[in-house]
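Colleague: I would like to go through this structure with you, one question at a time. Please keep the answers short.

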Number of protein chains: 2
Amino acid sequence: MSVTNTPITSQVSAPVTTGPCGEDDCGIRDVLDRLGDRWTVLVIVELSKGTRRFRELHRAIPGISQRMLTLTTKRLCRDGLVERNAYPTIPPQVDYRLTEMGRSLADTVFGLADWSRDHKNAIAAARDRWDADHPGAEPALR
Amino acid sequence: MSVTNTPITSQVSAPVTTGPCGEDDCGIRDVLDRLGDRWTVLVIVELSKGTRRFRELHRAIPGISQRMLTLTTKRLCRDGLVERNAYPTIPPQVDYRLTEMGRSLADTVFGLADWSRDHKNAIAAARDRWDADHPGAEPALR
DNA sequence: CGGTATCCGATAGGATACTG
DNA sequence: CAGTATCCTATCGGATACCG
């Protein structure tokens, strides 16, 4: 999804009556840019269970590549949501844990997870209904 | 933030056999796949203010292309989060509104928006700190 | 007005190989 | 073990142009 900074098009002289989250942008885009990718939430959820080493995260999150795990943890560190500790042992050992801020984010993510669980079936049903009513629809809708 | 010298007493126990949200997947991936893109949340936020016509959404969300607005609303309809009503007038008129389920999702999205607003500055500060400590870092971290 | 259809560039992310 | 460094492709999404 890669929602980088809002394109230059946000240069709207006329103060659009109501921004969606537009000009008053609560910063939610920054958060969603992070949460929106394929892996970040999974890493946060796993780390919410406790400190984890790189390898542990890797095994706990089926399907993630080493490259993406590295990128994801790094971005989380950069945002101050995760703390990284490296011990110069041999072999090297590195572990990750949520910061205070990371834990508070995890809490609201759980809110989303709860909603997801509660509406999982309803969404699936809605999709089936829609797919039945719209045979041969674009695959872009998945 | 770097290498604190806390002994490695971190017991690798972590037996937690369950995936991060892996196989027992609470369905949160489905939700985040939807929320994760560039526009969905903005559309939901705008629709949380009331019924909107296609053109109104388009103008309320600066930067979105017609194509993406079409795709986004369609996906939301498919998931049962938004209801679409078309009136066969000339010129055509179509409006969109959140369904009951859509409104409940909007509520939890607002929770995320609140968190974002509350931590916006802290995140920006963390990033600045990290960027200062890691000059010449990959642009992939943005 | 409210869309489709088409083309196209950017990039997210997988696979693989190598390193301290 | 915990990463880097490359390569490569699938997809996301912008820019047109056209349509009922």
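Modeller: First, a term: a residue is near a strand if one of its heavy atoms lies within 4 Å of that strand. Keep in mind that this is a predicted model.

Colleague: Which residues come nearest to DNA strand D?

Modeller: There are 21 residues around DNA strand D. Both chains appear among the nearest ones. They are Arg55(A), Gln66(A), Arg84(A), Tyr96(A) and Arg67(B).

Colleague: How much of what comes within 4 Å of the protein is sugar and phosphate?

Modeller: Count the atoms of DNA strand D that come within 4 Å of the protein. The share from sugar and phosphate is 56%.

Colleague: How far is the side chain of Tyr96(A) from a phosphate oxygen of DNA strand D?

Modeller: Phosphate oxygens of DNA strand D also have other partners. A backbone N or O atom of Val94(A) lies 3.3 Å from one. In chain B, a side-chain N or O atom of Ser65(B) is 3.0 Å from one. For a polar side-chain atom of Tyr96(A), the distance is 2.4 Å.

Colleague: Which element gives the most residues to the surface near DNA strand D?

Modeller: Elements that give two or more residues include helix H3 (54-60) and strand E3 (93-98) of chain A, and helix H4 (66-78) of chain B. One element gives four residues, the most: H4(A).

Colleague: How many residues of that surface are charged?

Modeller: Sort the residues by type. Nine are nonpolar and four are polar. The charged ones number eight.

Colleague: Is Asp79(A) buried or exposed?

Modeller: Asp79(A) sits in the loop between helix H4 (66-78) and strand E2 (82-87) of chain A. Its contacts include Arg34(A) and Met101(A), and from chain B Ile123(B), Ala126(B) and Arg127(B). The cut-off for buried is under 20% relative accessible area. Asp79(A) has 1%, so the residue is buried.

Colleague: How many residues of helix H1 of chain A are buried?

Modeller: This helix covers residues 28-35. Arg34(A), a contact of Asp79(A), is one of its buried residues. Ile28(A) and Leu32(A) are also among them. Of eight residues, the buried count is seven.

Colleague: Which helices of chain B do the buried residues of H1(A) pack against?

Modeller: Within chain A, they pack against helix H2 (40-47), H4 and helix H5 (100-133). They also pack against helices of chain B: helix H1 (28-35), helix H2 (40-47) and helix H5 (100-133).

Colleague: Which residue lies over the face of Trp39(A)?

Modeller: Aromatic pairs number zero over all chains. The face of Trp39(A) does have a partner, at 5.3 Å from the ring centre: Arg38(A).

Key
Residues are numbered from 1 along each chain as its sequence is written. Chains are lettered from A and ligands numbered from 1 in the order in which they are written. This is a predicted model: local features need pLDDT of at least 70, side-chain atom pairs count only at pLDDT 80 or more; totals for chains, interfaces and linings use all residues. Side-chain values use heavy atoms; hydrogens and water are left out. Buried means under 20% relative accessible area, exposed over 50%, partly exposed in between (1.4 Å probe, protein chains only). Contact means heavy atoms within 4.5 Å. A polar contact is a pair of N or O atoms within 3.5 Å; within protein, one must be able to donate a hydrogen and the other to accept it, and residues adjacent in sequence count only if both atoms are side-chain atoms. Ala, Val, Leu, Ile, Met, Phe, Trp, Tyr, Cys and Pro count as nonpolar, Asp, Glu, Lys and Arg as charged, and the others, Gly among them, as polar. Rings of Phe, Tyr and Trp (its six-membered ring) pair if their centres lie within 6.5 Å; planes under 30 degrees apart count as stacked, over 60 as edge-to-face and the rest as tilted. A charge sits over a ring if NZ of Lys or CZ of Arg is within 6 Å of the ring centre and within 35 degrees of the ring normal. Lists of a residue's contacts leave out its neighbours within four places in sequence.
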